[in-house]
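Please open the model in your viewer and keep the sequence panel beside it, since this tour moves from a single residue out to the whole chain.

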Amino acid sequence: NMDQALLRFLLTGPTKDVKDGKPKPADATWLDDKMWNEVLTLAQYPAFQGVEDAIIADHAAWKTIYDEPEAHEVPLPGEWNEKLTVFQKTVFLRTLRLDKVTAAIINFVISEMTQKFVEPPAFDIALSYNDATKLTPLIFILSPGSDPVGELLIFAGNMGMENKFDSVSL
């Protein structure tokens with residue numbers, strides 16, 4: 001039951017510049033034109049009507065989000081923290097801190113579906129081995145920092161196959 005227009009905004013941002021929007025506060029030097037255009041675009045959605053006025057009225061309170069290293073954990077100023085859903089807060093975060101949207105999406109998934117949906121499952125080599133055949137071997141595609149060789153050697157030893165184990169690095 002997610003607002004598809006807001007999801008599109010979260011994924012793509014504004015598709016054009018807002019020409020007739022309110023000017024950004026002159027003394028809000030931290031707020032660049034791109035961010036302000038995103039705020040003005042978002043303010044056109046019903047849930048965000050008036051957000052540009054709130055920023056104009058007290059841009060120092062909103063600057064906290066911009067300055068905070070963990071911006072995805074900072075409550076929105078004034079009524080906005082209670083007014084918006086977790087998803088809507090994630091969408092808003094895109095306007096000021098695009099770099100923290102991934103962390104906010106993780107928080108959203110946890111709030112809606114629980115922690116297990118953001119944690120990779122533990123690798124069970126025995127279960128994977130049971131699915132393998134001579135026609136469908138186990139192939140590991142590694143990411144930086146992962147190395148299953150030790151676990152594979154232990155498993156091969158437990159299966160009495162340490163002499164038949166071959167590891168090929170491409």
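Begin by selecting Leu138, which you will find in the loop that runs between helix H8 (125–131) and helix H9 (149–158). Bear in mind, as you look, that this is a predicted model.

Is Leu138 buried, partly exposed or exposed? Its relative accessibility is 35%, and because buried means under 20% and exposed means over 50%, Leu138 counts as partly exposed.

Next, keep Leu138 selected and add Phe123, Tyr129, Phe140, Leu142, Met159 and Met161, for together with Leu138 these residues make a nonpolar surface patch of about 580 Å². If you switch on a surface display, you can colour this patch to set it apart from the rest.

Now clear the selection and show the protein chain as a cartoon, where you can follow nine helices and zero strands. Traced from the N terminus on, the elements run α-α-α-α-α-α-α-α-α. The radius of gyration of the protein chain is 24 Å, well over the 15 Å that the globule rule gives for 170 residues, so the chain is more spread out than a compact globule. Turn the view along the principal axes, and the C-alpha atoms fill a box of roughly 75 × 35 × 30 Å.

Finally, consider the chain as a whole, beginning with the buried residues, which make up 32% of the 170 residues. The protein chain exposes about 11400 Å², and carbon and sulfur atoms supply 56% of that area. Among contacts between residues at least 6 apart in sequence, 59% join residues at least 24 apart.

How values were computed. Residues numbered from 1 in each chain as written. Predicted model: local features only at pLDDT ≥ 70, side-chain atom pairs only at ≥ 80, totals over all residues. Heavy atoms only, no water. Patch = residues over 30% accessible without salt bridge, like charges linked within 9 Å, V, L, I, M, F, W, Y side chains within 5 Å. Areas by Shrake-Rupley, 256 points an atom, 1.4 Å probe, with all protein chains shown as cover. Salt bridge = Lys/Arg side-chain N within 4 Å of Asp/Glu carboxyl O. Helix = DSSP H or I, 4+ residues; strand = E, 2+ residues; numbered from the N terminus. Buried < 20%, exposed > 50% of the residue type's maximum accessible area, 1.4 Å probe, protein only. Rg over C-alpha atoms; globule rule 2.2 N^0.38 Å. Contact = heavy atoms within 4.5 Å.
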